[in-house]
Every structure is written in structure tokens, then in C-alpha cells.
Amino acid sequence: VLILLGPPGAGKGTQARMLEERFGLVQLSTGDLLRAAVAQGTEAGKAAKAVMEAGDLVSDQIVIDILRDRLNADDCAKGVILDGFPRTIAQAAALEEACTSDAIGLSLYFTAPEAVLTDRLLSRGRQDDTLEVITHRLSVYAKTTEPLVKHYADQGLLREINSDRAVEDIQADVLTTVSGALNQSNIA
Ligand code: ADP
């Protein structure tokens with residue numbers, strides 16, 4: 001399992017799609033799964049809609065259930081890229097339960113200055129990309145998700161990727177880092 005960690009706007013989705021193609025891994029984005037649930041009008045989607053529009057985190061229970069449905073032990077074994085999950089310590093614990101802990105091979109930590117992230121999100125122009133909501137999402141990230149950096153660093157699984165660069169440069173860095181890890185371990 002390859003975890004993509006980092007603030008909104010750091011380009012995790014772009015790199016996840018690239019890695020999916022290159023390494024034949026399955027990419028799972030909880031943001032995409034939640035947006036699909038909202039579009040389908042499922043119970044989870046109804047509960048998530050307003051929370052997402054406000055830039056808050058959807059409850060652990062909903063997100064963990066949605067991810068568990070998609071992530072079976074098989075996927076863990078074959079190799080999966082998680083984009084936007086875990087975002088809380090409780091979610092990280094649920095992941096460690098769902099997969100054997102040594103299936104979590106690497107966590108890529110994407111970083112960029114806040115002003116860069118804000119500009120990128122504003123130009124993306126999604127419904128939850130107004131300045132007010134973006135500022136809120138970045139503060140939720142700093143408070144709730146950033147502690148995962150230490151969580152994975154303590155396990156020796158963290159690799160930092162400077163995301164304040166052109167997409168191709170980030171991609172080259174990601175490829176080198178992931179290829180190196182694949183040679184050494186069992187992440188795929
Ligand atoms: P971004 O990359 O801009 O952060 P995402 O597509 O990853 O956007 O997520 C969009 C929204 O979906 C988040 O702001 C949050 O409300 C919700 N969401 C996605 N993943 C999670 C998660 N793991 N836990 C809680 N909420 C989540």
C-alpha cells in the first residue's frame with residue numbers, strides 16, 4: 001500500500017494517476033469515492049455533502065466504511081495507492097487493521113507553501129474551491145492530518161516530495177522514490 005499524504009492542492013491526484021499507469025497499482029481516492037456517493041444520493045453521500053462543501057472532514061466512520069468496501073485484503077496484497085486517505089489517526093489505525101501492517105510500504109509526503117496551494121486550488125475552481133473554504137480546508141489539514149506525518153516518519157515509511165515544482169519534476173522524483181522502494185520491499 002502506497003499512501004499519498006499532503007495538503008489539498010499538492011498534486012496527489014495527478015501523481016496517483018501516473019503511478020497507477022506506471023506500476024499497475026489500483027488508485028483509490030476517498031474524495032472521488034465520496035463525490036460519487038454524493039452524486040448517487042446514497043445515505044453516505046447525503047451525510048457527506050454539506051460537510052464537504054464546508055471543507056470539513058467527513059466522519060471517520062463513513063470514510064472508513066466506504067474505503068473498506070473498495071479495499072479488500074486482495075487489493076492490499078496486490079498494491080493500492082491511497083490518495084486522500086488516511087486523513088486522521090483513527091483512519092490510519094483502521095487501515096492498519098484492514099491490511100497487514102507490513103502491507104503499508106511507503107507514505108509519500110507532498111509539500112508546498114500555503115500560498116502556492118491556495119493559488120492552485122483557486123484555479124482548479126471546484127465547488128469546494130472558494131477562498132473561504134480553501135483556507136478552512138488547509139487549517140483542518142494542518143490540525144488533523146499533518147500529525148500523520150510523524151506517525152509514518154516514526155515507522156520509517158515517510159518520503160518527502162517537494163511539490164512546489166513543475167509536474168514533470170515531481171513525477172521524476174516520485175518515480176525514483178517508488179522504484180527504489182519497490183526494489184527493496186513488498187509494496188506491490
Ligand atoms: P483535495 O485533494 O482538494 O483535498 P479530496 O478530493 O481529497 O480533495 O477531498 C475532498 C473532500 O472530501 C475533503 O475536503 C473532505 O471533506 C472529504 N474527504 C476526502 N477524503 C477524506 C477522508 N479520508 N476523511 C474525511 N473526509 C475526506
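Colleague: Which helix gives the most to the lining of the second largest pocket?

Modeller: This is a predicted model, where local features need pLDDT of at least 70, side-chain atom pairs count only at pLDDT 80 or more, and totals for chains, interfaces and linings use all residues. Residues are numbered from 1 along each chain as its sequence is written, and side-chain values use heavy atoms, with hydrogens and water left out. The elements that give two or more residues to this lining (a helix is a DSSP run of H or I with at least four residues, a strand one of E with at least two) are α2 and α3 (43–54). With three residues, the one that gives the most is α3.

Colleague: Cool, and what is the volume of the second largest pocket?

Modeller: Look around R35, V38, K49, M52, E53, R126, Q127 and D128, which line it. A pocket here is an open set of points on a 1 Å grid over the protein atoms alone, where a 1.4 Å probe fits and protein lies on both sides within 12 Å along at least five of seven lines; lining residues have an atom within 4 Å of a point. The second largest pocket has a volume of about 180 Å³.

Colleague: How many charged residues are in that lining?

Modeller: Asp, Glu, Lys and Arg count as charged. The lining of the second largest pocket also has two nonpolar residues and one polar. Its charged residues number five.

Colleague: How much space lies in the largest pocket?

Modeller: The ligand takes up the space of this pocket. The space in the largest pocket comes to about 840 Å³. Of the 40 residues that line it, the closest to its centre include P8, K12 and R124. Back to your value for the largest pocket, then: about 840 Å³.

Colleague: Which helix gives the most to the shell around the ligand?

Modeller: The ligand is surrounded by 17 residues (each with a heavy atom within 4 Å of it), and T30, R35, D56, R87 and R137 are the closest. The shell splits into seven nonpolar, four polar and six charged residues. Giving four residues, the top helix, spanning residues 30–40, is α2.

Colleague: How far is an oxygen atom of the ligand from an N or O atom in the side chain of R126?

Modeller: Start with two other arginines. An oxygen atom of the ligand is 2.8 Å from a side-chain N or O atom of R35, and R87 has such a pair at 2.8 Å too. For the side chain of R126, the distance is 3.3 Å.

Note on methods: A polar contact is a pair of N or O atoms within 3.5 Å; within protein, one must be able to donate a hydrogen and the other to accept it, and residues adjacent in sequence count only if both atoms are side-chain atoms. A molecule sits in a cavity or pocket if more than half of its atoms lie within 2 Å of its grid points. Grid points are joined across faces, edges and corners, and a volume is the space filled by probe spheres set on the points.
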